[in-house]
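Visitor: I am new to this structure and would like a close look at a single part. Could you walk me through one chain and the way it meets its neighbour?

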Amino acid sequence: MLTFQGFKAGMRRMAGVALFGVPFGFAFGAGAVEAGLSIAQTVAMSTIVHAGASQFAMLELWRQPLPLLSIAVVVLAVNARHIIFGAALAPLLNALPLRHRLLSALWLSDANFADMQAARQSGSRDLGILVGGGFVMWLSWVSSTALGALVGGSEKDLSRFGIDVVMAAFFVAVIATPARRIENLLPIGAAALVSVATLSLLPHGWNVIAGALAGGIAGVIRER
Amino acid sequence: MSADLAPWIAIALAAAVTFGTRTLGPVLMARVPSTKRVQRFLDCLSTSVIVAIVAGFLARGTPREAVALAAGAAAMLLLRKPLLSMAIAMAVAALWSACQS
């Protein structure tokens, strides 16, 4: 199901979280211009890639001549968690016509995926919530990137204001309630353990995938 | 390749790869029969992926992040307000940093 009511609800639900994202967009815009991107390129990247962690990773590789293959591989590695998000939402996504399926998947990112999970726990099946949340996150990401690119920034240390913990704190807020349920203990434990254990063994970002799969498998095993 | 074009190619490439990651999940799952066990797997997957992100974040961090997120989790369980619990986690982390410097 994909409704306009859901879209509006998603925008409302994520508006506050999107505001918390502004310092990240600002830091990305300022950092990108410093790394040698033009303002137009910086804004274009946030507009069409719209995946913050991978965009910051790209800046690390941004040296002439641009290593296109490395960029593609690193972006794939950092964003591979989207595959898990999409798989987890597959029962809802695949019930939609193809056009709506693509439209919904386009807005998939960490925060609105987490919010969609919260909505599902309270019984909603409306992917409009995902799309509306993604849209408001995208608006904030693109506009704060533009602002950072135009103004530049002397304040790079987001941790001084505690901003570095904001997104993780949102994820914690989403899982705090399901984490208390006893039947989720084993999957959550497995996910956390494997994610931490593989952190230094796997390429950047893949520990999240290993942890998620471990949690999923633990859930199935416990069921039998 | 012209040096002016290369950044645009890199940006388009990143966008294409990212779009691929956003669409691959449902495409893969369309090929898997939707049994009870698969549904159970996907249910646990959705919570686990968020847990795995947070666990990795904590493992890379210091006690400062752990204390801040614990405060956020406690606030969420008591008050049930996500934005407020984010603000509390942020305040604890900022306070910790202020005391360190």
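Guide: What follows is a friendly tour of chain B, its contact with chain A, and the salt bridges. Please keep in mind that this is a predicted model.

Let us begin with chain B on its own. It has four helices and zero strands, so reading from the N terminus you meet the pattern α-α-α-α. The helices are H1 (5-30), H2 (36-60), H3 (63-79) and H4 (82-100). How does the chain fill space? Its radius of gyration is 20 Å, whereas a compact globule of 101 residues would have one near 13 Å. Along the principal axes, the C-alpha atoms of chain B fill a box of roughly 50 × 50 × 25 Å. Of the 101 residues in chain B, 46% are buried. The chain exposes about 5,100 Å², and carbon and sulfur atoms supply 70% of that area.

Now look at where chain B meets chain A. Here 62 residues of chain B are in contact with 84 residues of chain A. Together the two chains bury about 6,100 Å² between them, with carbon and sulfur atoms giving 78% of this area. Three residues deserve a glance: B:Arg22, B:Arg40 and B:Met86 supply 12% of the area that chain B buries against chain A, more than any other three residues.

Polar links are found here too. Between chain B and chain A there are 14 residue pairs in polar contact, counting pairs with both residues at pLDDT 80 or more. Helices H1, H2, H3 and H4 of chain B each give two or more residues to the side that touches chain A. H1(B) gives the most, with 22 residues.

The count of salt bridges between chain B and chain A is one. In this bridge the side chains of B:Arg64 and A:Asp164 meet, at 2.9 Å from N to O. The same arginine belongs to a network of salt bridges that links A:Asp164, B:Arg64 and B:Glu65.

For a view from the other side, find A:Ile48, which lies in helix H2 of chain A. Leaving aside residues up to four places away in sequence, A:Ile48 touches B:Ile11, B:Ala12 and B:Ala15. A:Ile48 is partly exposed because its relative accessible area is 46%, which falls between the 20% and 50% cut-offs. Another residue of that helix, A:Thr42, has 0% relative accessibility and therefore counts as buried. Its contacts, again without residues up to four places away in sequence, are A:Phe28, A:Gly29, A:Ala32, A:Val33, A:Leu37, A:Thr145 and A:Ala149.

Let us finish with salt bridges inside chain A, since a search of the whole structure finds five over all chains. One of them joins A:Arg13 to A:Asp115, with the closest N and O atoms 3.0 Å apart. This pair links distant parts of the chain, helix H1 (residues 4-34) and helix H8 (residues 110-121), and its members are 102 residues apart. A:Arg13 is partly exposed at 36% relative accessible area, whereas A:Asp115 is buried at 7%.

Another bridge brings together the side chains of A:Asp110 and A:Arg81, at 2.7 Å from N to O. A:Asp110 lies in helix H8 and A:Arg81 in helix H5 (residues 81-88), so the pair ties together parts 29 residues apart in sequence. Both A:Asp110 and A:Arg81 are buried. A further bridge links A:Glu183 with A:Arg181, whose closest N and O atoms are 3.3 Å apart. A:Glu183 is partly exposed at 34%, and A:Arg181 is partly exposed at 40%.

Terms used: Residues numbered from 1 in each chain as written. Chains lettered and ligands numbered in written order. Heavy atoms only, no water. Rg over C-alpha atoms; globule rule 2.2 N^0.38 Å. Buried < 20%, exposed > 50% of the residue type's maximum accessible area, 1.4 Å probe, protein only. Areas by Shrake-Rupley, 256 points an atom, 1.4 Å probe, with all protein chains shown as cover. Contact = heavy atoms within 4.5 Å. Buried area = accessible area lost by both parts, 1.4 Å probe. Salt bridge = Lys/Arg side-chain N within 4 Å of Asp/Glu carboxyl O. Polar contact = N/O pair within 3.5 Å; in protein donor to acceptor, adjacent residues only side chain to side chain.
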